[in-house]
Amino acid sequence: MLAEGEPGLYFLGEVDSDITTSCGQATPATTSTTGTGTTTGTTGSTSTSNNTRFTVISQLIFKTKETLNLRFTYDSTQIQGKIDPQQGFVLAGGAFGKTVQGTQGTVEWFNQGINIDTALQSAQQISFFNLEITLNGTYSSTTASTTILNSCNTLDSVNCTSGTSTTQCFTSDNKTCLVQNTTTDAKSVIIRGTLKCNAPNIVPQ
């Protein structure tokens, strides 16, 4: 963890499998449908191909008490994906003792780094992954809350709403989104490292 103007911080970041019961959830990001037919509608065919893109949402709790909420896009035809530009990531607590928020960064999974079954075109739990992350965010001097973060629907990426929405964000109070810190004492930080998770109670689908 490299903070601007400060010494780098290193922590093992070992995922606590006793608390982290799932490495995350993957849901299809898009659907792909192809078809042919006549203008009269008397003949035609439609086929749906397997979707290669999935949205992954993970909430990981480390043995050193950091909590990482992470949302990114996985594509089985690629070796890396981007952090979700709206929900992004939040790292809170632990050795760092602050809350880092951001919506920029990359996640690399290389070969067999994450077990998502692209043939399953519905939500699925992730039993393991081995990722390389580079996350860009900001933090302030305020001590982080140890509360486990939730996701909520939002219309403006600032406030949670009880209605349906295509956009979600991470929240600590179910009222407002944790967004990029823009306070006067906000400092830039880059988080780099290897992220490994194994959820033995999740049976690969």
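Select Leu68 first, together with strand β8: in this predicted model, Leu68 stands opposite Leu91 of that strand. The two strands to display around this position are β6 (67–75) and β8 (89–92), which pair in the antiparallel sense over four bridges.

Keep β8 on screen and show its side chains, where Phe89 and Leu91 point one way while Val90 and Ala92 point the other way, every one of these four residues being buried. In a regular strand the side chains alternate between the two faces of the sheet.

Next, add β9 (99–108), which runs antiparallel to β8 and is joined to it by four bridges. Selecting Val90 leads across to Gln101, its bridge partner in β9. Following the backbone from β8 into β9 takes you round a hairpin with six residues between the strands, and within that turn Gly93 has a positive phi of about 80°.

Now return to β6 and select Tyr74 together with Trp109, the latter lying in the loop between β9 and β10 (124–125). How are these two rings arranged? Their centres are 4.8 Å apart and their planes make an angle of 55°, so that under the limits of 30 and 60 degrees the pair counts as tilted. The pair links distant parts of the chain, with 35 residues separating its members. Both residues count as buried because their relative accessible areas, 7% for Tyr74 and 2% for Trp109, fall under the 20% cut-off. A search of the whole structure finds two aromatic pairs, and adding Phe72 to the selection completes one aromatic cluster with Tyr74 and Trp109.

Stay with Phe72 and display its surroundings: leaving aside residues up to four places away in sequence, Phe72 touches ten-odd side-by-side candidates worth labelling, including Phe54, Val56, Ile83, Val107, Ile114 and Leu131. From Phe72, widen the view to the largest nonpolar core, which has 33 residues and in which Phe72, Phe129 and Leu195 touch the most other members. To see where this core comes from, colour β5 (53–61), β6, β8, β9, β11 (128–139) and β14 (187–198), each of which supplies at least two of its residues. The largest share, five residues, comes from β11.

Finally, zoom out to the whole chain, which contains zero helices and 14 strands. Of its 205 residues, 38% count as buried, and the chain exposes about 11100 Å², of which carbon and sulfur atoms supply 49%. Among contacts with a separation of 6 or more, 64% are made by residues 24 or more positions apart.

Notes
Residues are numbered from 1 along each chain as its sequence is written. This is a predicted model: local features need pLDDT of at least 70, side-chain atom pairs count only at pLDDT 80 or more; totals for chains, interfaces and linings use all residues. Side-chain values use heavy atoms; hydrogens and water are left out. A nonpolar core is a set of buried Ala, Val, Leu, Ile, Met, Phe, Trp, Tyr and Cys residues joined through side-chain atoms within 4.5 Å. Buried means under 20% relative accessible area, exposed over 50%, partly exposed in between (1.4 Å probe, protein chains only). Contact means heavy atoms within 4.5 Å. Accessible areas come from the Shrake-Rupley method with a 1.4 Å probe; for residues, only the protein chains shown count as cover. Rings of Phe, Tyr and Trp (its six-membered ring) pair if their centres lie within 6.5 Å; planes under 30 degrees apart count as stacked, over 60 as edge-to-face and the rest as tilted. Two strands pair if DSSP finds at least two bridges between them.
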